[in-house]
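This briefing is intended to be read alongside the sequence and the coordinates. Topics are taken in turn, with residues grouped under the elements to which they belong.

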Amino acid sequence: MRKFLSVIIAGTLLAGVAAHAQKANGNRYKWVDPQGLPHYSDSLTAEAMKAGYDVVNDRGMVVQRVPRQLTAAERVVANKLAKEAAAKERARQDVARAEAQMMSAYPDEASYKMSLQQTVDALDQQIRTTRINLQSQEKALTGLLDRAAELEQAKQPVPKFMADNISKQRNVVAMQRNALARQQAERDSTVAAQAKQLARYRELKAAEDAPPEP
């Protein structure tokens with residue numbers, strides 16, 4: 001019982017100290033209830049914390065504005081928006097770093113265009129290699145088809161192993177054609193992207209070379 005009374009007395013003293021500090025500062029709390037009615041108080045209430053409140057000094061000026069507490073659903077939305085904003089900011093910083101590195105690595109347009117062309121040249125080499133392979137595979141398929149046609153003209157059945165080889169060779173040719181189409185599409189998209197990159201380089205270079213404003 002004595003311990004319980006000590007806790008009550010200590011709590012009362014602390015509350016008195018807090019109230020005295022608030023009055024000494026001359027600050028009050030203002031909030032608006034759901035009906036739109038303003039309220040003033042020397043201490044925070046659960047309703048004020050839920051609705052959001054202003055800290056008002058002794059001259060009636062707002063010195064701090066505290067927003068209302070968010071609901072669980074609003075917190076979910078707020079967290080989602082915060083994550084999206086953080087992701088956009090990271091992406092912006094990544095682009096800024098990449099552009100700074102680009103301008104540092106390529107001091108003039110000629111060196112930058114040479115770097116871009118090297119990428120296209122590598123893709124062109126891949127395309128040439130695939131075309132050579134495709135021509136070789138198509139030639140092999142044509143040879144198999146010619147031999148099968150000769151057998152059919154001679155009224156002889158096409159052996160199963162030859163039919164299987166023709167089927168496999170057709171698949172090889174189809175894969176090579178698909179690979180060539182992908183490589184050509186990659187080259188086209190790379191050239192289009194490089195055109196935008198070069199335009200951006202020119203913008204940054206112009207801004208870099210522009211005289212400082214007076």
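The points below cover the sheet, the helix packing, the nonpolar cores and selected residues.

The model is predicted. Its sheet is open and consists of four strands with antiparallel pairing. Helices H4 and H5 pack against each other with their axes 9 Å apart, and the largest nonpolar core draws two or more residues from each of these two helices.

**Sheet**

- The strand order in the open sheet is E2-E1-E3-E4.
- Strand E2 (38-41) and strand E4 (62-66) are the edge strands, each pairing on one side only.
- On average, neighbouring strands of this sheet are turned by 25° against each other, with direction ignored.
- Strand E1 (residues 28-32) pairs with E2 in the antiparallel sense through four bridges; within this pairing, tyrosine 29 has serine 41 of E2 as its bridge partner.
- Strand E3 (residues 53-56) and E4 are likewise joined in the antiparallel sense, over four bridges, and valine 66 in E4 is the bridge partner of tyrosine 53.
- Five residues separate E3 from E4 in a hairpin, and glycine 60 in the turn has a positive phi of about 85°.
- In general, the strands of a sheet pair through backbone hydrogen bonds.

**Helix packing**

- The packing angle between H4 and H5 is about 165°. An angle over 145 degrees counts as roughly antiparallel, and H4 and H5 are therefore roughly antiparallel to each other.
- The crossing of these two helices, H4 and H5, is left-handed.
- Helix H3 (residues 72-105) also meets H5: their axes come within 11 Å and cross at roughly 75°. This angle makes H3 roughly perpendicular to H5.
- On the H3 side, the contact is made by Glu99, Met102 and Met103; on the H5 side, it is made by Arg200, Tyr201, Leu204, Lys205 and Glu208.

**Nonpolar cores**

- The largest nonpolar core has ten residues: Ile127, Leu134, Leu141, Leu144, Ala148, Leu151, Met162, Ile166, Val173 and Leu180.
- Helix H4 (109-153) and H5 are the elements that give two or more residues to this core, and H4 provides the largest share, six residues.
- Another core, of seven residues, lies apart from the largest one and includes Met103, Tyr112, Leu116 and Leu204. Among these, Met103 and Leu204 also take part in the contact between H3 and H5.
- Leucine 134, a member of the ten-residue core, is in contact with Val173, Gln176, Arg177 and Leu180 when its neighbours within four places in sequence are left aside.

**Selected residues**

- Is threonine 190 buried or exposed? Threonine 190 has a relative accessibility of 18% and counts as buried, because the cut-off for burial is under 20%.
- Threonine 190 is located in helix H5 (residues 160-209). Residues up to four places away in sequence not being counted, threonine 190 touches Thr119 and Leu123.
- Where does lysine 155 lie? Lysine 155 is in the loop between H4 and H5.
- At 77% relative accessibility, lysine 155 counts as exposed.
- The phi of lysine 155 is near 60°, a positive value in a residue other than glycine. Most residues other than glycine have a negative phi.

Methods: Residues are numbered from 1 along each chain as its sequence is written. This is a predicted model: local features need pLDDT of at least 70, side-chain atom pairs count only at pLDDT 80 or more; totals for chains, interfaces and linings use all residues. Side-chain values use heavy atoms; hydrogens and water are left out. Two strands pair if DSSP finds at least two bridges between them. Axes are lines fitted to C-alpha atoms, for helices over the stretch in contact, and angles run from 0 to 180 degrees between N-to-C directions. Buried means under 20% relative accessible area, exposed over 50%, partly exposed in between (1.4 Å probe, protein chains only). Contact means heavy atoms within 4.5 Å. A nonpolar core is a set of buried Ala, Val, Leu, Ile, Met, Phe, Trp, Tyr and Cys residues joined through side-chain atoms within 4.5 Å. Angles under 35 degrees count as roughly parallel, over 145 as roughly antiparallel, 65 to 115 as roughly perpendicular and the rest as oblique. A crossing is left-handed if the near helix is turned anticlockwise from the far one by less than a right angle, and right-handed if clockwise.
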